[in-house]
Amino acid sequence: MDHFPTNWGRPRNDLSDAYGTFPLAQRPYNGGKDMFAEGVKHTQQPIVTGTSVLAIKYKDGIMMAADNLASYGSLARFKSIQRLHPVGKYTVIGAGGDMSDFQYIQSILDDTIIEEFAASDGHTLGPVEIHEYLSQIMYARRSKIDPLWNSLIVGGVKDGKRFLAYVDLLGTTYSASTIATGYGAFIAQPLLRKAVEGNENTLTEDAAMAILEESMRVLYYRDARSLDKYQLAKITADGITVSESRHLQTSWSFAEGIRGYGAQTQ
Amino acid sequence: MPDMNSLAHPQQHQFNPYTENGGTILAIAGEDFTVIAGDTRQSEGYSIQTRYAPKVFRLTDKAVLAVNGFAADGNMFVKKVRQRLEWYRHAHAKDMPLRAIARLIQTMLYARRFFPFYVYNILGGIEEDGSGAVYSFDPVGSYEREACRAAGAAQSLVQPFLDNQIYFKNQTPAQDTSHPVHLPLHSVLALVIDSFTGATERHIEVGDGLEMYVVLARGNPALQSLQDLPGAEEVTGTQAEERVFVIRRDLKKD
C-alpha cells in the first residue's frame, strides 16, 4: 500500500503513464535518509531449509512426522537433522523453513522451560501455552519486518486434552485435526484429511503410523527437497517419544516404463 | 524505462508481512436485536488451512465483533480490543457502550495508519437506547452506523443481495403498501443462512461452517423462540439484560 497522498490516483510508474499525467519523470521519495540502511540486514530469505512437517490427531494423542533433511537450495546439505523438538513434558514442535531460525526458536523455548521449572510454582507449560507464546513471538517478528522464516506445528497432550496447531512466519495461526506444512499442505493434507477427519477418536496408533508413513512416502516421490529418512513423534498421556530415524521403502521400477518426458529414442 | 536508482541495486524479493485468509462476515440490525455472522473456513491461496477458525467474537453482552482479512492481524486486533474493554470495566464498573466501542475501534485502527491492521471489522450489538446497531469499518478506521453490511471474500456477492432484501432496493411495493423498516428475527436469520449458502456455492473461500451470533435487547419477545431453537446456545456472560446466543450451521465443505 502506498501511504503518500501525493501519489494516490497516480499511475504506478512512468512505464504505464502513457498520457504523462504525472509531471515528474520519477515519483518523489518522501522518506528520510537512513545513513545506515545498507548496514542493517534482516533475514530476508531462508538459507538452509527443512521441507514439510505432517501431524495428525488420533485416539491416544498426537502423531507428527518430518524427514531428516536440511537443504541448501537444491543441495541436500545435511541429511541427519532432527526437525521434531520436544518442549517440556507435554509438547513437540515440528519445523519447516529456515533451520537456523528454528534452532534459535528451540533455544528460546528451552530457556523458557528451564525458567518455568526454576520457578517451581506448581505450574507447567502445556502445548496451548507454548503455541500461544510462539505465535506472539512469530507475530512480533513479522511486525518488525524481521521474520523467523518458519512454519511450525505445535502438538501435545496435557490434562487429557489433545492439542494440535500451526503458526508461521506471518504469525498466522490455526488449529485442526490434521496439519501439514510446506509441500505437504498440497500433497499430504488431502490424504491425511481423508483418513483422519471424523475418526480422531477411533484412529489407532498403528493406523496413524501407517497413514503418516504412506504420506511421507508420497512426499518423497514428489517433493524434490525431501528425504527417505524421517522421524515420528508420538505425544500421548504417557509422555513423548521421538523415534529413531526410519527408512522409507520405495520402488522406482515403474520409471522404466514412462515414455515421453526424457531423451528416450523410443 | 527503468530508472538508474533501481538498476544500482540487485532486485530482491521483499518480505510481505500480509496475507489474505478468505472467508466472509455479515451483520444485520433489527429494531431490537442484531445478528452478526461469519463462516469458519480459514484459507490461504487455494489451500484450506482449517475448517473451524472463528471470525466472530462476543466482546460484551451487548457487543459482538466480526473480523475478516489477514487472520493474524484479526486475532491480534480482537485481543487488543478485549484488553481495552477489560480496562474500561475495571475503571468504570460497567461495560463500554456500543457506540463508544465503535469509536475506540476507529482510534485503534487509525493509530496504525502507516502499518495498518489488514482487517475489515463489523461491530454489531445493542445501543444504549435498546436499538439494534451495526458499525462497519475499513482497515484504517473509517466507520459508519448502518442497518446491514457484508465484508470479506464474498462481499460482492452478499451485499447486493442484502441491499435488495433488507433495503428493498429495486423493489416496488404493491399498491397502497410500503416496505417494512425493520425485519423480524426469523426472517433475518433466514436471509443470513441464504446469504452464506449462496456465497458458499459461488465462492471457493467460503464454506465449512457458519456461526451466527444473535444479540437481543432487553425484553425482546423473540427470546423464547430462540431458547427453543435447536442448536442455539446461550453465551450471555453476566446477568445482563441483553442476551447473546450463537447458532451454528454446517456449510458445504468442498
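Buried, for this talk, means under 20% relative accessible area. Keep that cut-off in mind. The model is a predicted one.

Chain A comes first. It has five helices and 14 strands. Of its 266 residues, 44% are buried. Now take the contacts in chain A with a separation of 6 or more: 63% of them are between residues 24 or more positions apart.

Start with strand 8 of chain A, residues 150–158. How many of its residues are buried? Nine of the nine, so strand 8 is largely enclosed by the rest of the structure. Look at both faces. Asn150(A), Leu152(A), Val154(A), Gly156(A) and Lys158(A) point one way. Ser151(A), Ile153(A), Gly155(A) and Val157(A) point the other way. All are buried.

Next, the partners of strand 8 of chain A. Strand 7 of chain A, residues 91–98, runs antiparallel to strand 8, and seven bridges join the two. One point of register here: Gly97(A) is opposite Asn150(A). Strand 9 of chain A, residues 161–168, is also antiparallel to strand 8, with eight bridges. There, Ser151(A) faces Asp168(A) across the pair. Strands 8 and 9 of chain A make a hairpin, and two residues lie between them. Asp159(A), in that turn, has a positive phi of about 50°.

Gly97(A) leads us to strand 1 of chain A. That strand covers residues 48–50 and contains Gly50(A). Is Gly50(A) buried or exposed? Its relative accessibility is 11%; that is under 20%, so Gly50(A) counts as buried. Leave aside residues up to four places away in sequence, and Gly50(A) touches Leu69(A), Arg83(A), Gly96(A), Gly97(A) and Met99(A). Ile81(A) is 31 residues from Gly50(A) along the chain, and their C-alpha atoms are 8.9 Å apart.

On to strand 12 of chain A, residues 229–236. Six of its eight residues are buried, so strand 12 too is largely enclosed by the rest of the structure. Which strands does strand 12 pair with? Take strand 3 of chain A, residues 61–67: seven bridges, antiparallel. Ala66(A) sits opposite Gln231(A) in that pair. Then strand 14 of chain A, residues 246–247: two bridges, again antiparallel. Tyr230(A) has Arg246(A) as its bridge partner there. Then strand 13 of chain A, residues 239–242: four bridges, also antiparallel. Ile235(A) and Ile240(A) stand opposite each other. Strands 12 and 13 of chain A form a hairpin, with two residues between them.

Now the helix that reaches over to chain B. Helix 2 of chain A has 17 residues. From first C-alpha to last, helix 2 spans 24 Å, close to the 24 Å expected at 1.5 Å a residue. Its buried residues include Ile130(A), Leu134(A), Met138(A), Tyr139(A) and Arg142(A). Ile145(A) follows helix 2 of chain A and has a positive phi, near 55°.

How does helix 2 of chain A, residues 127–143, meet helix 2 of chain B, residues 71–92? They pack at an angle of about 110°, with axes 12 Å apart. The two helices are therefore roughly perpendicular to each other. From chain A, the contact uses Glu132(A), Gln136(A), Tyr139(A) and Arg142(A). From chain B, it uses Ala72(B), Asp73(B), Met76(B) and Lys79(B). By class, that contact has three nonpolar, one polar and four charged residues.

Last stop, the sheet in chain B. Six strands form an open sheet, ordered 10-1-2-11-13-12, with antiparallel pairing. Strand 10 (148–152) and strand 12 (232–234) of chain B are at the edges; each has a single partner strand, so one side of each has no neighbour in the sheet. Neighbouring strands are turned by 15° against each other on average, direction ignored.

Inside that sheet, look at strand 11 of chain B, residues 209–216, and strand 13 of chain B, residues 243–250: eight bridges, antiparallel. Val215(B) is opposite Val244(B) in strand 13.

Two helices of chain B lie across these strands. Helix 4, residues 155–165, crosses strand 1 (24–29) and strand 10 of chain B, running at about 170° to strand 10. Helix 5, residues 185–202, lies across strand 1, strand 2 (33–39), strand 11 and strand 13 of chain B. Helix 5 runs at about 15° to strand 2 of chain B.

That's the tour. Questions, please.

Definitions and conventions:
Residues are numbered from 1 along each chain as its sequence is written. Chains are lettered from A and ligands numbered from 1 in the order in which they are written. This is a predicted model: local features need pLDDT of at least 70, side-chain atom pairs count only at pLDDT 80 or more; totals for chains, interfaces and linings use all residues. Side-chain values use heavy atoms; hydrogens and water are left out. Axes are lines fitted to C-alpha atoms, for helices over the stretch in contact, and angles run from 0 to 180 degrees between N-to-C directions. Angles under 35 degrees count as roughly parallel, over 145 as roughly antiparallel, 65 to 115 as roughly perpendicular and the rest as oblique. Contact means heavy atoms within 4.5 Å. Ala, Val, Leu, Ile, Met, Phe, Trp, Tyr, Cys and Pro count as nonpolar, Asp, Glu, Lys and Arg as charged, and the others, Gly among them, as polar. The expected span of a helix is 1.5 Å times one less than its number of residues. Buried means under 20% relative accessible area, exposed over 50%, partly exposed in between (1.4 Å probe, protein chains only). Two strands pair if DSSP finds at least two bridges between them.
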